[in-house]
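Reader: Hey, I get lost when I look at a whole protein at once. Could you pick a single part and walk me through it slowly, then show me what surrounds it?

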Amino acid sequence: MTVHLDTQADLEDAINALVRFDPRLGPVLEVAGMPALRRREPGFAGLAAIVCGQQLSTKAAAAIWGRVSTSFNPFHHDALKTARADRLGRLGLSAAKIKTLKFIARELSAERINLDVLAEEDADVAHATLTKLHGIGPWTADIYLLFCLGHGDAWPAGDLAVQEAMRIGLGLKARPTVKEMHPLAEPWRPFRGAAAHLWWSYYHAVKKREGVIAGTDKKTIKPRKAKSVSNSKGVLNKSRVAKASAKPEKTARRKKAATKAGARK
C-alpha cells in the first residue's frame, strides 16, 4: 500500500499513527508540534527546481530558479532539451547542472522515464529509478518524492538534519549513518515520509534552524582541526615577531645617524 501525503489532514493522520506505533515519537511530537505539509510542483519543473538548488543556499537557489523558470514559458522539458548551454549558463546554472537538466529532458522527451508514476511505486523502487538518472543523487531523489509527489514512505536517510534530530530525539550516542538510518526507520513503514516531516520539525524546534535547505548529494567535508602549537614554538614565534618589529626601529636610527654625519661634513 502506497500512502500519499496530499493534504495537511493526510500528514496529521500519518503522524498520529506513527505515535501509536512507536511511543518514542510522542515526546518528539510534543516538542516539534504538528508539522505543516510542504509541497512543490511535481514533474520536470519540480525536479529541475531541486537540481538548481543543489549545493546552494536557499536564497541563491531561489534566485537562480526564478531566472530559469521565467526564461522558459511554458517551462517544458522540450524547451530545455534544445536550449543553448551558454544561455542556461548566463542564468546562473553550472555546467554540471546544465548537463543534468538536459539529460533528464531528453529522457522525458523519449518517454524513457515518467516522473509522475513514481508516486504509485514502492518508495525504495522509486528512489532507485531516480538515482539512475545522471546527476540525481539520493538527497535529490528523496526530496522530489516527498515534496513534489507527496510519497508517504520516502525516507531521506542521507539528510543531516534528520540524522541529527534522531540522534537527539532517540537519545543515540552518535549521529546515525546512512546505513544505520534504514533499520532505525523500518518500524515507521509505510509512513517514513511523514516521520521525516516530523524529524525536520523537531530539528527546527531544538536547533532553531530550518531542516530542509538547498541540499547536496555530496559528502559533507569536515573542517580540518587546527594544529596544536607547542610552548617552545610559541616562544620562537614571539621572538621572531619581536625581531621583525625591531628592524624598522634600527633602520630609522641608522638613517638618522647618517643624516647627522652628512651635516657635520
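Author: Let's start with how helix packing is described: axes are lines fitted to C-alpha atoms, for helices over the stretch in contact, and angles run from 0 to 180 degrees between N-to-C directions. What you see is a predicted model, in which local features need pLDDT of at least 70, side-chain atom pairs count only at pLDDT 80 or more, and totals for chains, interfaces and linings use all residues. Residues are numbered from 1 along each chain as its sequence is written, and side-chain values use heavy atoms, leaving out hydrogens and water.

First, a quick bit of orientation. The chain has 13 helices and zero strands (helices, H or I of at least four residues, and strands, E of at least two, are DSSP runs numbered from the N terminus). Buried residues make up 40% of its 265 residues (buried is under 20% relative accessible area, exposed over 50%, partly exposed in between, with a 1.4 Å probe and protein chains only). Take contacts between residues at least 6 apart in sequence: 69% of them join residues at least 24 apart (contact means heavy atoms within 4.5 Å).

Now for our part, helix α2, which covers residues 25-32. Its buried residues are Leu25, Gly26, Val28, Leu29 and Ala32. Look down the axis of α2 and these buried residues fall within an arc of 160 degrees, so they line one face of the helix (the arc is that of the directions from the helix axis to the C-beta atoms). What sits on top of them? The cover over the buried residues of α2 includes α1 (8-21), α10 (160-169) and α12 (192-207). Right after α2 comes Gly33, with a positive phi of about 75 degrees.

Let's zoom in on one of those covers, α1. The two helices α1 and α2 have their axes 8 Å apart and pack at an angle of about 140 degrees. That makes α1 oblique to α2 (under 35 degrees counts as roughly parallel, over 145 as roughly antiparallel, 65 to 115 as roughly perpendicular, and the rest as oblique). On the α1 side, Ile15, Leu18 and Val19 do the touching, and they meet Leu25, Gly26 and Leu29 of α2. Sorted by class, this contact has five nonpolar residues, one polar and no charged ones (Ala, Val, Leu, Ile, Met, Phe, Trp, Tyr, Cys and Pro count as nonpolar, Asp, Glu, Lys and Arg as charged, and the others, Gly among them, as polar).

Two of those residues lead us onward. Leu18 and Leu25 are both in contact with Trp188. Leaving aside neighbours within four places in sequence, the other contacts of Trp188 are Asp22, Arg24, Trp155, Met166, Leu170, Ala195 and Trp199. Trp188 is also one of the residues that touch the most other members in the largest nonpolar core, which has 70 residues; Leu130, Tyr144, Trp155 and Trp199 are the others (a nonpolar core is a set of buried Ala, Val, Leu, Ile, Met, Phe, Trp, Tyr and Cys residues joined through side-chain atoms within 4.5 Å).

Next along the chain from Trp188 there's a little oddity. Arg189 and Pro190 are joined by a cis peptide bond, with omega about 0 degrees. Pro190 sits in the loop between α11 (178-185) and α12. Most residues other than glycine have a negative phi, and most peptide bonds are trans. There's another cis bond between Asn73 and Pro74, where omega is about 5 degrees.

Arg189 has a partner worth a look, too. Asp124 touches both Arg189 and Arg192, not counting residues up to four places away in sequence. You'll find Asp124 in helix α8, and at 36% relative accessibility it counts as partly exposed. Asp124 and Asp153 are 29 residues apart in sequence and 8.6 Å apart in space, C-alpha to C-alpha.

Finally, follow Tyr144 from that core list into helix α9, where it is one of the buried residues. Ten of the eleven residues of α9 (residues 138-148) are buried, so this helix is largely enclosed by the rest of the structure. Its cover includes α3 (43-52), α8 (123-131) and α12. So α12 turns up again, having been among the covers of α2. Just after α9, Gly150 takes a positive phi of about 65 degrees.
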